[in-house]
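Hi everyone, and thanks for coming. I'd like to walk you through a structure that will be new to most of you, so let's get it up on the screen.

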There are 2 protein chains.
Amino acid sequence: MQVRKRIEAAASDMTASERKLAATLLADYPFAGLASIQDLGRKAEVSAPSISRFVAKIGLGGYQEFQRDLIAELKEGQQSPVEVHRADRAVNGGYLNDFIARAADQMQVAGDAITQAQFDRICRLLSEPKRKIFVIGGRISDTIAKHLSFHLRQARTGVFHIPDSTEVWPEYLLRMKQGDILFMVDFRRYQANLAVLAETASATVGARIILMTDRWLSPIAKHASEILPVPIESGTLWDTYSPALAVTEALVTRIAEDNWDETRDRIKAWDALRLPQQDMIK
Amino acid sequence: MQVRKRIEAAASDMTASERKLAATLLADYPFAGLASIQDLGRKAEVSAPSISRFVAKIGLGGYQEFQRDLIAELKEGQQSPVEVHRADRAVNGGYLNDFIARAADQMQVAGDAITQAQFDRICRLLSEPKRKIFVIGGRISDTIAKHLSFHLRQARTGVFHIPDSTEVWPEYLLRMKQGDILFMVDFRRYQANLAVLAETASATVGARIILMTDRWLSPIAKHASEILPVPIESGTLWDTYSPALAVTEALVTRIAEDNWDETRDRIKAWDALRLPQQDMIK
DNA sequence: GAGTTTATGAAAAATATTTTTCAGTCAAGA
DNA sequence: TCTTGACTGAAAAATATTTTTCATAAACTC
């Protein structure tokens with residue numbers, strides 16, 4: 001139940017100081033309740049014990065629980081940017097447009113959650129030629145990981161995409177050296193085997209792990225030295241990976257731009273090898 | 001100064017656990033910071049002392065001051081969410097945000113370019129249980145195609161992802177019946193072999209081709225009965241596939257929602273088979 | 001590879017916060 | 001006016017929270 005409702009429900013049966021308290025609380029709801037019990041006491045001109053009793057009276061376990069509830073409400077009620085946005089353009093509707101608007105908003109959120117410095121740092125790490133780069137993702141998110149490794153491979157040497165099958169993992173682990181990068185993408189419905197891989201790579205080999213994950217943080221987080229948090233809630237049945245893809249693309253594009261000379265040469269060389277085969281079809 | 005800005009400002013000079021902390025904080029800003037230092041520590045997989053030091057580093061007097069600031073911001077922002085949001089955006093620029101803004105624009109374009117009627121029609125085609133669905137993409141765009149087939153497979157039977165290697169294609173072609181769907185994703189640097197596949201499938205087998213492509217229209221277009229045009233120019237060195245992914249996600253989400261009962265059952269059955277293996281790792 | 005620096009968390013200490021106890025106050029009724 | 005009972009806050013006690021200290025581990029440098 002909402003805290004506000006609880007207060008209203010108990011209103012008929014309140015003492016003088018409790019009413020003072022209730023008024024103070026509701027006058028600046030829910031922020032007044034976020035101060036310490038002392039501060040709130042001062043503000044409402046009521047002693048701390050009265051507050052303690054009040055909180056018990058409205059059926060909560062204690063002042064801390066009371067605050068937790070308020071925060072939860074606030075978070076809940078926090079009008080998501082999506083809603084704000086949608087109100088903005090109320091007109092255009094349609095399933096697709098709606099979906100896209102949400103995805104676009106989540107992308108914005110991703111942009112805000114990743115600092116510029118972090119972005120630069122990760123680009124730099126992925127650019128250093130001495131480090132090898134190993135890339136892997138989860139069942140679904142491997143598509144994102146593939147995108148990364150594919151483009152990274154055009155910009156530099158030493159990029160390996162680790163296959164799904166755990167059987168060949170040791171082979172890749174053996175190839176890793178200290179300081180090499182293991183870039184992992186893991187979104188919810190985290191895979192236990194990826195966590196094991198992370199553990200091994202960081203503990204045994206000394207690889208540096210860069211993790212792209214959602215806000216609940218995959219268990220890999222504890223081994224990671226860089227975390228790229230990306231929102232994935234689309235407000236629908238399934239998650240959206242568009243923000244993750246956008247961030248990935250931003251990374252690889254930046255890296256390619258920074259190393260343009262090498263990238264251009266590599267693409268050229270690569271095309272020369274690929275084109276003759278391209279039309280080969282039975 | 002906003003706490004978020006403080007974090008960004010200090011980002012260049014952070015240790016590993018501080019970065020983890022920053023990521024956690026920003027991923028669920030500002031609510032993550034409203035928990036107790038212990039809880040936050042648990043969430044970010046970092047010790048309480050590290051948080052204490054972190055808070056000092058970003059120039060605040062202590063955890064309590066940090067929380068007070070967050071609450072003040074929250075209260076501030078509550079007044080006029082839209083304005084605050086806008087203001088935020090304007091300031092922070094940077095490569096990533098810039099990139100994301102472009103991608104978001106392109107997504108809008110995609111939304112406008114696909115009519116609601118077409119979107120619905122394609123969803124319906126992909127939902128009809130009698131038609132089998134074959135999916136394939138180009139070298140890079142197969143990422144998008146994989147996403148489609150993966151999710152589609154959760155909503156229905158008879159979904160096949162055609163592998164890269166041309167050698168096995170005939171096998172798939174033999175399996176196709178008139179009226180089956182061949183969903184192809186092909187962006188510039190079109191692959192000749194895909195065009196051949198399209199030609200064969202439509203002329204010989206009588207499959208219906210749905211094509212997702214960019215505005216230059218892949219050579220497959222002439223065989224396609226539905227074309228989903230998606231913009232891919234990012235204004236940078238490389239193209240962006242975010243709009244394509246967003247459209248794909250919109251499709252599969254809509255389809256799953258429309259066939260929710262079946263989808264739910266399939267996912268459940270699927271999980272039952274998958275979970276026991278999930279932890280299987282050497 | 002040895003030595004130095006730096007970062008980290010466990011434990012202890014310090015601090016802040018909340019709850020309980022308890023004595024005083026006040027109002028209502030005899 | 002006295003008694004009774006409920007309400008209140010000061011102070012103490014109990015808790016929870018935060019910060020400091022310190023030993024260890026990791027990373028970096030020469």
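Let me begin with a puzzle: which residues line the second largest cavity? While you look, a word on what you are seeing. This is a predicted model, in which local features need pLDDT of at least 70, side-chain atom pairs count only at pLDDT 80 or more, and totals for chains, interfaces and linings use all residues. Residues are numbered from 1 along each chain as its sequence is written, chains are lettered from A and ligands numbered from 1 in the order in which they are written, and side-chain values use heavy atoms, with hydrogens and water left out.

Now the answer. From chain A, the lining takes A113(A), T115(A), Q118(A) and R121(A), and from chain B it takes A11(B), M14(B), R19(B), A22(B), A23(B) and L26(B). By cavity I mean a set of points, on a 1 Å grid over the protein atoms alone, where a 1.4 Å probe fits but cannot get out; lining residues have an atom within 4 Å of a point. The space in the second largest cavity is about 70 Å³, where a volume is the space filled by probe spheres set on the points, and points are joined across faces, edges and corners.

Two helices each give at least two residues to that lining: α8 (116–127) of chain A and α2 (16–27) of chain B. The largest share, four residues, comes from α2(B). Helices here are DSSP runs of H or I with at least four residues, numbered from the N terminus. By class, the lining has six nonpolar, two polar and two charged residues. Ala, Val, Leu, Ile, Met, Phe, Trp, Tyr, Cys and Pro count as nonpolar, Asp, Glu, Lys and Arg as charged, and the others, Gly among them, as polar.

How many cavities of 30 Å³ or more does the structure hold? There are seven. The largest has a volume of about 90 Å³. Its lining includes R139(A), D186(A), R188(A) and R189(A), along with F187(A) and Y241(A). That lining has three nonpolar, three polar and four charged residues.

Next, the two protein chains. In chain B, 87 residues are in contact with 85 residues of chain A, contact meaning heavy atoms within 4.5 Å. The size of an interface is often given as the accessible area lost when the parts come together. Here the buried area is about 8,000 Å², and carbon and sulfur atoms give 64% of that. Buried area is the accessible area (1.4 Å probe) that two parts lose on being put together, summed over both. On the chain B side, Y95(B), L96(B) and W238(B) lose the most area to chain A, together 10% of what that side buries.

On to the DNA. Strand D is surrounded by 17 residues, and the closest are T15(A), S17(A), I37(B), Q38(B) and S52(B); a residue is near a strand if one of its heavy atoms lies within 4 Å of it. Of the strand D atoms within 4 Å of the protein, 68% are sugar and phosphate. The side chain of T15(A) has an N or O atom 2.6 Å from a phosphate oxygen of strand D, and S52(B) places a polar side-chain atom 2.6 Å from a phosphate oxygen of that strand. For S47(A), the side-chain distance to a strand D phosphate oxygen is 3.1 Å. Polar contacts like these are pairs of N or O atoms within 3.5 Å. The surface near strand D has six nonpolar, ten polar and one charged residues.

And which residues are closest to DNA strand C? They are I37(A), Q38(A), S52(A), T15(B) and S50(B), out of 17 that surround the strand. A polar side-chain atom of T15(B) is 2.4 Å from a phosphate oxygen of strand C, while I37(A) brings a polar backbone atom within 2.5 Å of one.

Last, some backbone details. Most residues other than glycine have a negative phi, and most peptide bonds are trans. Y29(A) and P30(A), however, are joined by a cis peptide bond with omega about -5°, and P30(A) sits in the loop between α2 and α3 of chain A. In chain B, the bond from Y29(B) to P30(B) is cis, with omega near -5°. E45(A), in the loop between α3 and α4 of chain A, is not a glycine but has a positive phi of about 55°.

Key
1 Å grid on protein atoms, 1.4 Å probe; cavity = no way out; pocket = protein on both sides within 12 Å on 5 of 7 lines; lining within 4 Å. Polar contact = N/O pair within 3.5 Å; in protein donor to acceptor, adjacent residues only side chain to side chain.
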